[in-house]
Amino acid sequence: MSEASYAQHGMWITERMGAGSAYHMPVLIRFRTPPDVGALAEACRRVVGRHRLLAAALAERDGAPHVVPARETAALRVAQGGAGGRAGDGVGDTVAEEIARPFDLGRGPLIRFTLVGGTLVVVAHHVVFDGRSKDLLVDDLATLYRGDVPAPLEPLGHAEAERERVAGLLPAARAFWAARWREPGGTAVPGGTLRSRRAGPGRVLEFALDVPGVAGLTRFEVLLAALHALLGAYGNADVGTALDLSTRTDREARHIGPFVNELPVFSRPAPGLPFASFAGGLRAELRELYAHREVPIARAVPGVKPHAALAPVSVSYRRTDATDEPGPWSVDRLAFNHAVRGALQLQLLDGPAGLTASLRYDPEEPADPGRFAGDLQAVLAAIARDPSAPLGDLLPGHAHALRETAAPARSAAPAAMPAVAPAAMPAVAPAAMPAVAPPPAAPSPPVPADAPAGDDPLAGEIRAIWEEVLQLSPIELHDDIFDLGGHSLTITQIIARMRKRLGVEVELDDFFDNPTIAGVLTVMKEGRP
């Protein structure tokens, strides 16, 4: 048993708050000829034995998640009727059901293999898997399926090494975010404002993106700058998007696991600023951000609440050199999990066949995903024509038509679509970074400073738990837990010990809204009959 990594801890908390299938990471492997089921089952068994986390579960120990052996080992399952499944006989429904079927984090296994007709449906939970893990899994399965032996892996104690590295990086990260952090608010888009940062049911829109080359910039930097320019055109003077960043080191390069951290990226697009200049400034900001990519924002910024997404709009970009030719199968690495984290989640896969965008969105948000996709394509086309064009000139008028679906099935090679007419171009703030924080959402009513009596026996018991977890003494009734160095992990540990010793349950949100012993005591008393 070992303590979970920071990424695993964050997902564990969000999962407990209700994430549905938002952390399910499916890979669909479609065989070109009927598979050898015995060889495939053996390949699945051996790939689980090769990667330690695929045979693990995530169990709570004293309020903190720990990696423990799963109670059973993942094995290939052949769906009923799956050996001869054909389009129209319910196979599609079975694939969707396999993708959405819940995981038991505490019991495991946290990966499953199901053969549905000629398709191997692999679904892993994000606490043991990331985007790069998809390629590693497919490569290892291919090697093992043909009877070869992959190169051995060096044993890895990821979480322990991570904590040591983050401890050394933490002071610099705190200084970096002190000058930049602002709580992400709503994001204006045509038709309304995006606000959701939760996980929930989603829909998907898939389309191709043609990213032009711009001197001194990578394709990803051009694309992210285009996205920020588009959000600026929609009327957002301060743009903030969440960004998934790989935290893999050289030692972890060939290991399957959740080597990822989500961090915010802020900018201020100004209509008169040339795109190349704006993108160059954003590139410089990214280069500074990369130095702190391993430090979770909740460790560097006091009081950050756990959300499924740091901002309503999030981006995940991954390059892959993987091709399906030659080989016994084709692979769908962007299969939809029927959920979304935040309001708009733009997953990007940049490979030999081009860049494909999978736009996952919350159907309850007042966004027009087709227009958003079309406008992003139009901005990229304008950049291709003139990378020095002012940001305010990047949206020409076009008509658009995009295919929308809530199911994972789609055409093998989505075509580029024309864009829609742009929204009116409002003035936006100057391009200086960082920015002044926008007005925060209305907080919960504060707890009166004199609410609990200082000699309340229950206050003393709560204080003892705080001092034990935080390893600080004395702690006063009105000391803010975040000023004392607390964060989401210490709070879950305090909640667990209060549940065990005092028989009370305090919700995580209540703790964040009332982060003092006095506040927590008042919440507890208000909740009692």
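Which residue in E13 does Leu 245 stand opposite? The partner is Asn 261, and we'll come back to that pair below. Keep in mind throughout that this is a predicted model.

## The chain overall

Let's start with the broad picture. The protein chain carries 13 helices and 19 strands. Of its 529 residues, 55% are buried. Take the contacts between residues at least 6 apart in sequence: 77% of them join residues at least 24 apart.

## Around strand E12

Leu 245 brings us to strand E12, which spans residues 239-246. E12 is mostly covered, with seven of its eight residues buried. On the antiparallel side of the story, eight bridges tie E12 to strand E13 (residues 260-267), and that is where Leu 245 faces Asn 261.

E12 also pairs with strand E14 (residues 313-319), this time in the parallel sense and over two bridges. Look for Ala 242 here: its bridge partner in E14 is Ser 314.

## Gln 347, a buried residue in E17

Is Gln 347 buried or exposed? Its relative accessible area is 17%, and buried means under 20%, so Gln 347 counts as buried. You'll find this residue in strand E17, which covers residues 344-351.

What does Gln 347 touch, once its neighbours within four places in sequence are left aside? The list is Ser 316, Leu 334, Thr 356, Ala 357, Ser 358 and Arg 360.

## The start of the chain

Helix H1 takes in residues 6-16 and is mostly covered, as eight of its 11 residues are buried. Those eight are Tyr 6, Ala 7, Gln 8, His 9, Met 11, Trp 12, Ile 13 and Thr 14. Just past H1 comes Gly 18, with a positive phi of about 100 degrees.

Strand E1 belongs to an open sheet of three strands, ordered E1-E4-E3 and paired antiparallel. At the edges sit E1 (2-3) and strand E3 (56-61), each pairing on one side only. E1 makes two bridges to strand E4 (residues 64-69), running antiparallel; in E4, His 66 is the bridge partner of Glu 3.

## A five-stranded mixed sheet

Another open sheet has five strands, in the order E5-E6-E7-E2-E15, and its pairing is mixed. Strand E5 (76-78) and strand E15 (329-332) are the edge strands, so called because each pairs on one side only. From one strand to the next, the twist averages 20 degrees.

Helix H2 (residues 37-50) packs on this sheet and touches strand E2 (24-31), E5, E6 and E7. The direction of H2 makes about 170 degrees with that of E6. Within the sheet, strand E6 (residues 111-116) and strand E7 (residues 119-125) run antiparallel and are joined by six bridges. One pair to pick out is Thr 114 and its bridge partner in E7, Val 121.

## Helices H6 and H9

How do H6 and H9 pack against each other? Helix H6 (residues 219-233) meets helix H9 (residues 369-385) at an angle of about 120 degrees, and their axes are 10 Å apart. That angle makes H6 oblique to H9. The crossing is right-handed.

From H6, the residues in the contact are Val 222, Leu 223, Ala 226, Leu 227, Leu 230 and Leu 231. H9 answers with Phe 372, Asp 375, Leu 376, Val 379, Leu 380 and Ile 383. Sorted by class, the H6 and H9 contact holds 11 nonpolar residues, no polar ones and one charged residue.

Conventions. Residues numbered from 1 in each chain as written. Predicted model: local features only at pLDDT ≥ 70, side-chain atom pairs only at ≥ 80, totals over all residues. Heavy atoms only, no water. Axes fitted to C-alpha atoms, helices over the stretch in contact; angles between N-to-C directions. Helix = DSSP H or I, 4+ residues; strand = E, 2+ residues; numbered from the N terminus. Parallel < 35°, antiparallel > 145°, perpendicular 65-115°, else oblique. Left-handed = near helix turned anticlockwise from the far one by under 90°. Contact = heavy atoms within 4.5 Å. Nonpolar A, V, L, I, M, F, W, Y, C, P; charged D, E, K, R; others polar. Buried < 20%, exposed > 50% of the residue type's maximum accessible area, 1.4 Å probe, protein only.
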